[in-house]
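These are my notebook entries from a reading of one structure, written for someone who opens it here without earlier acquaintance. I set down what I looked up, in the order in which I looked.

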Amino acid sequence: MHPRDQTIFALSSGRPPSAIAIVRISGLQAGQVLTTLVGKIPLARTATRSLLRDVGQRPIDDAVVLWFPGPASATGEDVAELHVHGGRAVLAALFAALAGFENVRAAEPGEFTRRAFENGKLDLTEAEGLDDLIHADTDRQRRQALRQLKGLLGDKARDWRARIIEASALIEAGIDFSDEGDVPLELMAPALAKVRALLEEIEEVLAAQGQSERLRDGLVVAIAGPPNVGKSTLMNQLARREVAIVSPHAGTTRDIIEVQLDLDGYPVTVIDTAGIRETDDPVEQEGVRRALARAAEADLVLWLADTAGAEIDREGRAPVWLVRNKIDLDASGRPMAEEQGQGQQQWPAGFDISASRGDGIPKLISALVGFAQDYFGSGEAGLIGRTRQRKLMGDAADSLRRSVAVAGRGEELAAEELRAAAHSLGKLLGRVDVEDVLDVIFREFCVGK
């Protein structure tokens, strides 16, 4: 039997042990499996308490069972859900019983969602939204993923595709009736009007997105600078916990340390890099090389220094913020009074902080939130969540643009460009010619989804 025709099962809740665990079964034999375990198939969509037994009639657990006959189910197939106690021994016994059925196997990552996609329960943009929702770390990521899951982009793409097909039908009708004198001209004009209006609509969506798809991966902020200026201390302040080793000795940080933060709902990855200096130590040399490379790839660099004349080592195109640390110390390194430290004059376009005492940290965090707002867009994120989606929408817009440009040279050329635009939107929805990307998308899902 082909793997897609086999019945699959998986844990669809959190890892054990837990109070309750949900095991989902989907496929042709879901009903047979449920009958063996419970003794009968319960009423559809009704929670039923049942004693689960294996094929040898040995009890497994006292459970709540739900039955969702296809196609009105999450995957479009017959689906059973077993809500059992979430102990490891209970799940091990249940999985052993399920694996004992012929043509029943454990699900691969994303296989439930892939079957839902293949059975027309959701399009590819909704599947991508579900994956993003599972992996969302911040509230803004959650809201953007939920919009995708609710099908807002998919609904738009279906409407656009239908309108392209309408315009294409008008042009092709003109081709079919080309011997009728003025009929082609009468059909071409309204078709091109539809195409222009549609092109304007797609261009507005593309222009409004900014870098909203980067919300999935987050903003990358690198803390860089010479050794022993307090980079690790600043990292700990931003993370509000000790994630980096703090030492008075230069060269303590030799590799890159990363921490994920939620700044006002924006996902931010902060990187603590090795101190940048000339050194004969080959290990530290590699750390400096990695630090420079990572800083060059970051979206923002916080260049930390403890002297006003510090030189910034600029690489890459990311903006660099100058941050003067240790304002709580005088020139000889002795602590100053708190009010005196706070009264230091700031550098132009920079920040004065004390990473050890916390002075100036709230202002720096507030500035980072403002930077994130500008980077991602301060309003609700747009419809586009992934680079794949942006590219296909751009391809569709390019084809529409070309269809208008070539219309004067022949209806056949315009019709061909409209077919290409419709094809791009079909790929966006996952309905045509996307077999090569399905494995890449669905293997990112967790098992049980």
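**Entry 1: a pair of strands**

I began with β3 and strand β4 (residues 59-68), which run antiparallel and are joined by 6 bridges. Looking for one residue pair within this pairing, I found that T48 has V65 in β4 as its bridge partner. I note here that the model is a predicted one, and I return to its confidence values in the last entry.

**Entry 2: the sheet around that pair**

I then asked in what order the strands of this open sheet lie. The order is β3-β4-β5-β2-β1-β6, which makes 6 strands with mixed pairing. At the edges I found β3 (48-53) and β6 (104-106), each of which pairs on one side only. Between neighbouring strands of this sheet the turn is 30° on average, with direction ignored.

Next I looked for what packs on the sheet, and helix α1 (residues 30-38) does so, touching β1 (7-11), β2 (18-26), β3, β4, β5 (79-86) and β6. The direction of α1 makes about 80° with that of β3. Helix α3 (residues 111-118) packs on the sheet as well, where it touches β1, β2 and β6, and its direction makes about 135° with that of β1.

**Entry 3: helix α3 and what follows**

I wanted to know how many residues of α3 are buried. The count is 7 of its 8 residues, and I therefore wrote the helix down as mostly covered, taking buried to mean under 20% relative accessible area. The buried residues of α3 are E111, F112, T113, R114, R115, A116 and F117. After α3 comes G120, whose phi is positive, near 75°.

Further along I stopped at D123, which sits in the loop between α3 and α4 (124-134). Is D123 buried or exposed? Its relative accessible area is 1%, and D123 therefore counts as buried. The side chain of D123 makes a polar contact with the side chain of R158, at 2.6 Å. Leaving aside residues up to four places away in sequence, I listed the residues that D123 touches as F117, G154, R158, L429 and R431. F117 in that list is also one of the buried residues of α3.

**Entry 4: another open sheet**

I went on to an open sheet of 6 strands with the order β8-β9-β7-β10-β11-β12, again with mixed pairing. Why is one side of β8 and of β12 left without a neighbour in the sheet? β8 (257-263) and β12 (350-352) stand at the edges and each has a single partner strand, so one side of each has no neighbour there. The average turn between neighbouring strands of this sheet is 25°, direction ignored.

I followed the pairing across part of this sheet, strand by strand. Strand β7 (residues 219-224) and strand β10 (residues 300-305) run parallel and are joined by 4 bridges, and within this pairing A224 has W303 in β10 as its bridge partner. β10 pairs in turn with β11, in the parallel sense and over 5 bridges, with V301 standing opposite V320 in β11. From β11 to β12 there are 3 bridges, and these strands run parallel too; here V323 has F351 in β12 as its bridge partner.

I looked at strand β11 (residues 320-324) once more for burial, and 5 of its 5 residues are buried, so the strand is largely enclosed by the rest of the structure. Both of its faces are covered, with V320, L322 and R324 on one side and W321 and V323 on the other.

**Entry 5: the whole chain and its confidence**

For the chain as a whole I noted 14 helices and 12 strands. Of its 449 residues, 48% count as buried, and the accessible surface comes to about 21,700 Å², of which 52% belongs to carbon and sulfur atoms. Among contacts between residues at least 6 apart in sequence, 63% join residues at least 24 apart.

Last, I checked the confidence: the chain averages a pLDDT of 80, and 76% of the residues score at least 70. Over residues 244-254 the pLDDT is below 50, although this stretch has 31 contacts in the model beyond near neighbours in sequence. Residues 337-348 also stay under 50, and for them the model has 21 contacts beyond four places in sequence. Where pLDDT is low, the predicted coordinates should not be read in detail.

Notes
Residues numbered from 1 in each chain as written. Heavy atoms only, no water. Pairing = 2+ DSSP bridges. Helix = DSSP H or I, 4+ residues; strand = E, 2+ residues; numbered from the N terminus. Axes fitted to C-alpha atoms, helices over the stretch in contact; angles between N-to-C directions. Contact = heavy atoms within 4.5 Å. pLDDT = per-residue confidence, 0-100. Buried < 20%, exposed > 50% of the residue type's maximum accessible area, 1.4 Å probe, protein only. Polar contact = N/O pair within 3.5 Å; in protein donor to acceptor, adjacent residues only side chain to side chain. Areas by Shrake-Rupley, 256 points an atom, 1.4 Å probe, with all protein chains shown as cover.
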